[in-house]
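The following exercises concern a single protein chain. Each one sets a task and then works through its solution step by step.

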Amino acid sequence: MRFIVFGDSKGKENGINKKVLNLIMKETCKLNPKPEFIVMCGDTVAGSPKEEVLKSQLTDLKNIIEKYHHGKQLIPVVGNHEVNITPEDDKFEKAFSQFYDNLIPNKFTLDNYNKTVYSIDFEDTRLIVLNSFHYGEIHKISQAQLNWLEKISYGCYKNKLLFVHSPAFPTGAHLGHCLDLYPDDRDKFLNVIEKCNIDIIFCGHEHNYSRRKINNSYKDGYIYQIITGGAGEKLRDKFKSKSGVIVPPIAVYHFLVIDVDKEYIKVSAITPKGKKIDEFKIEIN
């Protein structure tokens with residue numbers, strides 16, 4: 001199974017960096033085998049105080065992707081820009097979920113989060129999407145989400161890949177303004193993902209690519225956190241938090257290719273010109 005991941009594609013042309021996103025989509029069309037679906041790690045558009053503008057931006061985004069990957073399923077992750085940065089209610093979340101209503105599965109969704117917290121299975125892999133920008137819970141994974149995560153993970157022997165916009169451990173530009181803003185809540189989140197035996201965490205929010213290890217009693221003692229925020233937003237490679245960092249922030253536009261085999265999960269980070277900037281595998285027990 002193969003799929004692609006990108007994040008932070010927002011820009012100035014109706015909320016999207018259309019030039020970069022088109023280059024990325026064009027490059028993904030060269031992949032062989034072709035990707036089966038696409039995960040978007042949030043801040044895909046700039047958002048707006050007006051719901052109709054948000055929907056217009058999302059329509060443009062979908063049309064760009066559809067031009068290159070007709071009919072491919074989209075797996076959206078809500079970011080801060082989709083909900084107007086610091087939402088006071090859930091109206092933007094509702095607009096976001098209504099736009100993707102035909103794409104987000106009804107099974108395994110968490111009530112009261114407008115279908116922004118959900119999971120979906122592909123073959124032997126479960127994709128889990130959380131919301132770190134629900135109103136009143138900015139840069140937090142609430143106890144309700146943690147309880148739900150445990151519930152859907154209990155007795156699940158599939159590979160489990162988790163997607164959330166705000167990193168648990170940012171590297172620089174957003175240091176102190178991600179899940180690390182509330183260390184106690186962040187640590188509760190880490191305890192649950194360890195208990196749930198999550199294989200990899202994918203995030204956005206910081207506008208670069210990086211890979212680091214988070215201590216974990218499973219998977220040979222650690223779990224990978226991948227930040228993929230390079231699909232169009234202004235790039236940054238500020239680097240402060242170095243603990244566990246394997247690949248420091250790389251300020252380059254990119255996307256990810258995820259290959260899931262019977263024996264391994266492989267992650268490749270690739271630029272719009274086809275250059276590989278990182279690649280690693282984790283063995284499947």
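**Exercise 1. Locate asparagine 197 and describe its backbone and exposure.**

Solution. Asparagine 197 sits in the loop that links H5 to strand E8 (200–203). Helices (H or I, at least four residues) and strands (E, at least two) are DSSP runs, numbered from the N terminus. The next step is the backbone: asparagine 197 is not a glycine, yet its phi is positive, at about 60 degrees. Most residues other than glycine have a negative phi, and most peptide bonds are trans. As to exposure, a residue is buried under 20% relative accessible area, exposed over 50%, and partly exposed in between (1.4 Å probe, protein chains only). Asparagine 197 has 27% relative accessibility and therefore counts as partly exposed.

The coordinates are a predicted model, in which local features need pLDDT of at least 70 and side-chain atom pairs count only at pLDDT 80 or more, while totals for chains, interfaces and linings use all residues. Residues are numbered from 1 along each chain as its sequence is written, and side-chain values use heavy atoms, with hydrogens and water left out.

**Exercise 2. Examine the backbone at aspartate 43 and at proline 33.**

Solution. Aspartate 43 is placed in the loop between E3 and H2. Although aspartate 43 is not a glycine, its phi is positive, at about 50 degrees. Its relative accessibility is 2%, so aspartate 43 counts as buried. Proline 33 belongs to the loop between helix H1 (18–28) and strand E3 (37–40). The peptide bond leading from asparagine 32 to proline 33 is cis, with omega near 10 degrees.

**Exercise 3. Characterise the overall fold: what are its secondary structure and its radius of gyration?**

Solution. The protein chain contains five helices and 14 strands. Its radius of gyration is 17 Å, close to the 19 Å that the globule rule gives for 285 residues, so the chain is as compact as a globular protein of that length. The radius is taken over C-alpha atoms, and the rule is 2.2 Å times the number of residues to the power 0.38. Along the principal axes, the C-alpha atoms fill a box of roughly 45 × 40 × 40 Å. Of the 285 residues, 58% are buried. Contact means heavy atoms within 4.5 Å; among contacts between residues at least 6 apart in sequence, 68% join residues at least 24 apart.

**Exercise 4. Determine how many disulfides the structure holds, and examine cysteine 156 and cysteine 203.**

Solution. The criterion is a pair of cysteine sulfur atoms within 2.5 Å. A search of the whole structure returns zero disulfides. For cysteine 156, the nearest cysteine sulfur is that of cysteine 196, 9.6 Å away. Cysteine 156 has 12% relative accessibility and so counts as buried. For cysteine 203, the closest cysteine sulfur belongs to cysteine 41, at 7.1 Å, which is too far for a bond. Cysteine 203 is buried, with a relative accessible area of 0%.

**Exercise 5. Compare the surroundings of serine 119 and serine 132.**

Solution. Serine 119 is part of strand E5 (residues 118–122). It counts as buried because its relative accessibility is 1%. Beyond its neighbours within four places in sequence, serine 119 is in contact with several residues, including Phe108, Leu127, Trp148 and Ile152.

Serine 132 lies in the loop between strand E6 (125–129) and helix H4 (143–153). Its relative accessible area is 0%, so serine 132 is buried. Not counting residues up to four places away in sequence, serine 132 touches a set of residues, among them Glu137, His139, Val164 and Leu179. The C-alpha atoms of serine 132 and valine 78, 54 residues apart along the chain, are separated by 7.9 Å.

**Exercise 6. Which residues of helix H3 are buried, and against which elements do they pack?**

Solution. In helix H3 (residues 91–99), the buried residues are Phe92, Glu93, Ala95, Phe96, Ser97 and Phe99. These buried residues pack against helix H2 (51–68) and strand E4 (73–76).

**Exercise 7. Is aspartate 184 buried or exposed, and what separates its C-alpha atom from that of histidine 70?**

Solution. Aspartate 184 lies in helix H5 (residues 183–195). With a relative accessible area of 61%, aspartate 184 is exposed. Its C-alpha atom and that of histidine 70, 114 residues apart along the chain, are separated by 43 Å.
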